Amino acid sequence: MADNPLWHQRALVQQIDGRAFINGERVWARSGQQFDNHSPIDGRLLGPVARCDGNDVDRAVAAARTAFDDSRWAGMAPAKRKRTMLRFADLIQKNAVELALLETLDMGKPIKYSQSVDVPAAANCIRWYGEAIDKVYDEIAPTAADSLALITREPVGVVAAIVPWNYPMIMAAWKIAPALAAGNSVVLKPSEKSPLTALRLGELALEAGIPAGVFNVVPGYGQEAGSALALHMDVDCIGFTGSTRVGKQIMQMAGQSNLKRAWTELGGKSANIVCADCPDLDAAVSAAVGSIYFNQGESCNAPSRLFVEESIKERFIEKALAMIPRFAPGDPLDEATIMGAIVDETQLKTVMGYIEAGNADGAKLLAGGEQVRKDSGGYYVAPTLFDGVNSDMRIAREEIFGPVLSVLSFTDVRDAVRQANATPYGLQAAVWSANLSKAIQTARTLRAGTVHVNQYDGDDITVPFGGYKQSGNGRDKSLHAFDKYTELKTTWIRVG
């Protein structure tokens, strides 16, 4: 604290409001129930949060339905709706210090990245979809001279969005921005582990001019507020980001209720394949290490399986081990820290359990493998690297969601691809090779929604994000996200 007191001082005076945001107002749960929100950085109590349940969800959905039916937002001129979304993005940037602080206190990521990544990315997402509002056109189909056929996109209605705790603001923006831009009303349920920035976004949206009832935020537990949204008969569409296990439950609940559209972005076990003819070994090492330990490894697209060609593996690991000390966990409120706290004790135990499994299965622990900064009162795990991993080990098969890198070797890239595809997941992958023909052929055979070539995670809002297989259905980001939140209508008109 003595080295960087500014953010600690801000944290001491930061006002925390855990009330839900429904129909333009901050309200407690009707039941009066609350839950305590503790920060993973040091265990401090941030404050009480409304424990919303089915009654609160009913209230939020009713507000959203009324707002949709009277067209206070959907009926607004596109240019005006665009200007409102741009003001929303501006307000996110204007309140960047507060939002970054809330994000770090709530889920433990370094303030360095809450400021430089999460807040700008959320604002950019809102702005990008706002700009798209008056630039996406409908269609006219070819017909005979006596007819006119219109193909138009219309908002689906009331959209529920359930987002995880690892990137609270960014994940919320990925869902609400295209849904709002299309003219829908939205009910957002943030994770109970990180509700604070979502609640603040509700207030900023209202301040920007998004009418009351159009955007609502209900914090609470998944089995109470989340399931109520998934089962609700007046929710037209639900977008979910989280675990594959819960995603399957969301799909089932959507089907057993009103057959609402259900879109999911789920788990991953992304493969990063580095061939001996990699054009820049240092860049490959930096990307492999930086991407797995970024955000404490709590990323669904983290490249947790590293396949390195046998002839360069020793040199690769030597360079990786030299980098790892830079990622030693530190105080998340210190701007020099680049790896922060695990989100809570439950996730800490999960990560440590996988490390124990790696040791028990015979993997070779080369770095980390222990809980650190125990005297802080928070939850921290040293950046961990296992060598000698094979595809049968749990650490190579299951999503860990922590700073654990598993290194596997290969001699034939086709075998690496076979192992990379031998997973229920298919979210992201990468291949490094100076031979572009080999790189392109490999990219084509990798069963993943995004494949990076000679880089990792360098994409942006303009391209879709989502997975194959049990990594989910539908796509976030890009204009393709509108597909999830709109209905196609054909209007066939007889002329003359």
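## Briefing: pocket, core, sheet and two odd loop residues

About 990 Å³ of space lies in the largest pocket. Keep in mind that this is a predicted model. Beyond the pocket, there's a largest nonpolar core of 74 residues, an open sheet of seven strands, and a pair of non-glycine residues with positive phi, Asn-295 and Arg-373.

**The largest pocket**

- The lining of the largest pocket runs to 36 residues. Those nearest its centre are Trp-165, Gly-242, Ser-243, Arg-245 and Val-246.
- Helix H9 (244-256) is one of the elements giving at least two lining residues, and H9 has the largest share, with six.
- Helix H8 (222-231), strand S10 (237-241) and H12 also chip in with at least two residues each.

**The nonpolar core**

- Within the largest nonpolar core, the residues touching the most other members are Phe-88, Ile-92, Ile-126 and Leu-188.
- Helix H6 (residues 168-181) is the top contributor to this core, giving eleven residues.
- Leaving aside residues up to four places away in sequence, Phe-88 touches Ile-126, Ile-176, Leu-201, Leu-204, Ala-205, Ala-208 and Ile-210.

**The seven-stranded sheet**

- Read across, the strand order is S14-S17-S18-S13-S12-S19-S20, with mixed pairing.
- Strand S14 (364-367) and strand S20 (450-453) sit at the edges, each pairing on one side only.
- From one strand to the next, the twist averages 20 degrees.
- Further in, strand S12 (residues 271-274) and strand S19 (residues 428-432) run parallel and are joined by four bridges. If you want a spot to look at, Asn-272 has Ala-430 in S19 as its bridge partner.
- Helix H12 (residues 345-360) packs on the sheet, where it touches S14, strand S17 (384-387) and strand S18 (404-410). The direction of H12 makes about 25 degrees with that of S17. H12 turns up in the pocket lining too.

**Two positive phi values**

- As background, most residues other than glycine have a negative phi.
- Asn-295 goes the other way, with phi near 60 degrees. You'll find Asn-295 in the loop between helix H10 (281-293) and strand S13 (305-309).
- Asn-295 has a relative accessible area of 3%, so it counts as buried, the cut-off being under 20%.
- Arg-373 also has a positive phi, about 55 degrees, despite not being a glycine. Arg-373 lies in the loop between strand S15 (371-372) and strand S16 (380-381).
- Arg-373 is partly exposed, at 28% relative accessibility, because that value falls between the 20% and 50% limits.

How values were computed
Residues are numbered from 1 along each chain as its sequence is written. This is a predicted model: local features need pLDDT of at least 70, side-chain atom pairs count only at pLDDT 80 or more; totals for chains, interfaces and linings use all residues. Side-chain values use heavy atoms; hydrogens and water are left out. A nonpolar core is a set of buried Ala, Val, Leu, Ile, Met, Phe, Trp, Tyr and Cys residues joined through side-chain atoms within 4.5 Å. Buried means under 20% relative accessible area, exposed over 50%, partly exposed in between (1.4 Å probe, protein chains only). Contact means heavy atoms within 4.5 Å. Two strands pair if DSSP finds at least two bridges between them. Axes are lines fitted to C-alpha atoms, for helices over the stretch in contact, and angles run from 0 to 180 degrees between N-to-C directions. On a 1 Å grid over the protein atoms alone, a cavity is a set of points where a 1.4 Å probe fits but cannot get out, and a pocket is an open set with protein on both sides within 12 Å along at least five of seven lines; lining residues have an atom within 4 Å of a point. Grid points are joined across faces, edges and corners, and a volume is the space filled by probe spheres set on the points.
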